[in-house]
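Subject: Structure handover

Hi,

Here is the structure we talked about. Please open it alongside this note.

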Amino acid sequence: MTLSSPASSYLVRRTRQHFARRTELPYKHNSFWEIETGVVRTLTWLEDGKAVVLGLWGAGDIVGKGLSHVDPYQIECLTKVEAVSISLEESDRLSEVLLAHLQQAEELMVIRSYKAMDMMLLRLLSWLSQKFGREIEQGRLIDLRLTHQDLAELLGSTRVTVTRILRQLEQQGLIQRLPLHRILLREEEIWHYEI
């Protein structure tokens, strides 16, 4: 990846585009996507066809094939997305983008390292609530339509396992599942659960 030029702005070309849920952001040579609204996931596949989620990205985040050596590499919209095609030219901005990708990779690696699947899923839900959630009276609402399969792919698990554990967490009062695959996380209860 070579991004060099002492330009005063990191934006060379701005082409705003709208994408529907579950569509792919197209690969553009020498450019990236800056997410303005919505959420995307970056992913690849193993030889057996199993999806491996590399990250989840929202408003203000920059994604693109040029930030990864993984092949194949796909950017899929998890919601309706508005994104801008850009070229990064300023090294300060590139450092910021690379740092964000590195930090998220580390956070997801730690989450995926828990031995017990219920703790792994709870940590993931907590991370999602911090990155994509909002505070409401009953707890933190993850207002993101993630299916059980989406959650399973984030954790390297199966849909059946995630469904079973979500049911258990709901019975324990740690979460509440809402329509449209949204989840309400009761963080106070989770803190007691982890002790």
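Which residue in S6 is the bridge partner of Arg41? It is Glu76. Bear in mind that this is a predicted model.

**The sheet**

Arg41 and Glu76 are a bridge pair between S3 and S6. S3 covers residues 40-45. The two strands run antiparallel, and 4 bridges join them. They belong to an open sheet of 3 strands. The order is S4-S3-S6, with antiparallel pairing. Strands S4 (51-57) and S6 (74-77) are at the edges. Each has a single partner strand, so one side of each has no neighbour in the sheet. From one strand to the next, the twist averages 30°.

**Helix on sheet**

H3 packs on this sheet. The strands that H3 touches are S3 and S4. The direction of H3 makes about 100° with that of S4.

**Helix on helix**

H3 (residues 148-155) also meets H2 (residues 117-132). Their axes come within 11 Å. The crossing angle is roughly 105°. Angles of 65 to 115 degrees count as roughly perpendicular, so H2 and H3 are roughly perpendicular to each other.

Who makes the contact? From H2, the residues are Met117, Met120, Leu121, Leu124, Leu125 and Leu128. From H3, they are Leu151, Leu154 and Leu155. What is the split by residue type in the contact of H2 with H3? There are 9 nonpolar residues, no polar and no charged.

**To recap**

H3 packs on the sheet through S3 and S4, and H3 also contacts H2.

Best wishes

Terms used: Residues numbered from 1 in each chain as written. Predicted model: local features only at pLDDT ≥ 70, side-chain atom pairs only at ≥ 80, totals over all residues. Heavy atoms only, no water. Axes fitted to C-alpha atoms, helices over the stretch in contact; angles between N-to-C directions. Parallel < 35°, antiparallel > 145°, perpendicular 65-115°, else oblique. Contact = heavy atoms within 4.5 Å. Nonpolar A, V, L, I, M, F, W, Y, C, P; charged D, E, K, R; others polar. Pairing = 2+ DSSP bridges.
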